[in-house]
Amino acid sequence: MSAKLKQMDDVMRQIIELIDDSTLLVVMGDHGMDAKGDHGGESNDEIEAALWMYSKKGVFGRSSPSLLAPPSNAKERSTRQIDLVSTLSLLLGVPIPFNNLGAPIEEAFIGRDGNDWEKLTSVRRLTAAQIHRYQDAYSLARQSDGDA
């Protein structure tokens with residue numbers, strides 16, 4: 001495992017070297033694994049997955065001074081899977097899928113210095129509006145089902 005981790009570290013360093021300033025690099029796993037290497041079960045270690053986002057622009061930040069240092073492990077900062085969809089949509093400048101109920105991941109929008117409240121508020125407003133449209137449509141559909 002150690003050799004494979006070293007190899008992947010080298011691959012990631014090469015990728016980072018080659019990407020340009022307008023590229024968003026997103027690395028994520030589809031599952032985790034426990035200390036024995038098992039990954040088909042239901043333990044938290046097996047169902048949680050890693051997420052790492054990188055931009056040469058240095059656009060990501062943290063709003064709390066206590067969070068400025070990266071977490072020492074993924075368990076210190078978790079996010080919901082549904083938040084990834086809205087976050088990536090907003091970062092890529094595409095509409096949030098209609099039925100997504102996720103919220104933007106704060107670190108992706110708060111700015112490098114952790115104080116871009118205008119941008120964070122803007123993406124949260126967009127997301128809230130999307131969720132409101134979905135809830136309205138869902139409510140209307142439920143009412144129509146009751147009339148049948």
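**Salt bridges and a nonpolar surface patch**

E106 has a relative accessible area of 22%, and because the buried class ends at under 20%, this residue counts as partly exposed. In this predicted model, E106 is joined to R124 by a salt bridge in which the closest N and O atoms are 3.3 Å apart. The pair connects distant parts of the chain, since E106 sits in the loop between α3 (81-92) and α4 (117-147), whereas R124 belongs to helix α4, 18 residues apart. R124, for its part, is partly exposed at 40% relative accessibility.

A search of the whole structure gives four salt bridges, and among them is a contact within a helix, where D10 pairs with K6 at 3.0 Å between the closest N and O atoms. Both D10 and K6 lie in helix α1, four residues apart, which corresponds to about one turn of the helix. With 30% relative accessibility, D10 is classed as partly exposed.

The salt bridge between the side chains of D83 and R80, at 2.8 Å from N to O, brings together residues of unlike surroundings: D83 is buried, with a relative accessible area of 9%, while R80 is partly exposed at 46% relative accessibility.

Turning from charged to nonpolar side chains, one finds a surface patch made up of M1, L5 and M33, which together have about 340 Å² of accessible area. M1 is located in the segment before α1 (2-18), and because its relative accessibility of 63% lies over the 50% cut-off, M1 counts as exposed.

Notes: Residues numbered from 1 in each chain as written. Predicted model: local features only at pLDDT ≥ 70, side-chain atom pairs only at ≥ 80, totals over all residues. Heavy atoms only, no water. Patch = residues over 30% accessible without salt bridge, like charges linked within 9 Å, V, L, I, M, F, W, Y side chains within 5 Å. Areas by Shrake-Rupley, 256 points an atom, 1.4 Å probe, with all protein chains shown as cover. Helix = DSSP H or I, 4+ residues; strand = E, 2+ residues; numbered from the N terminus. Buried < 20%, exposed > 50% of the residue type's maximum accessible area, 1.4 Å probe, protein only.
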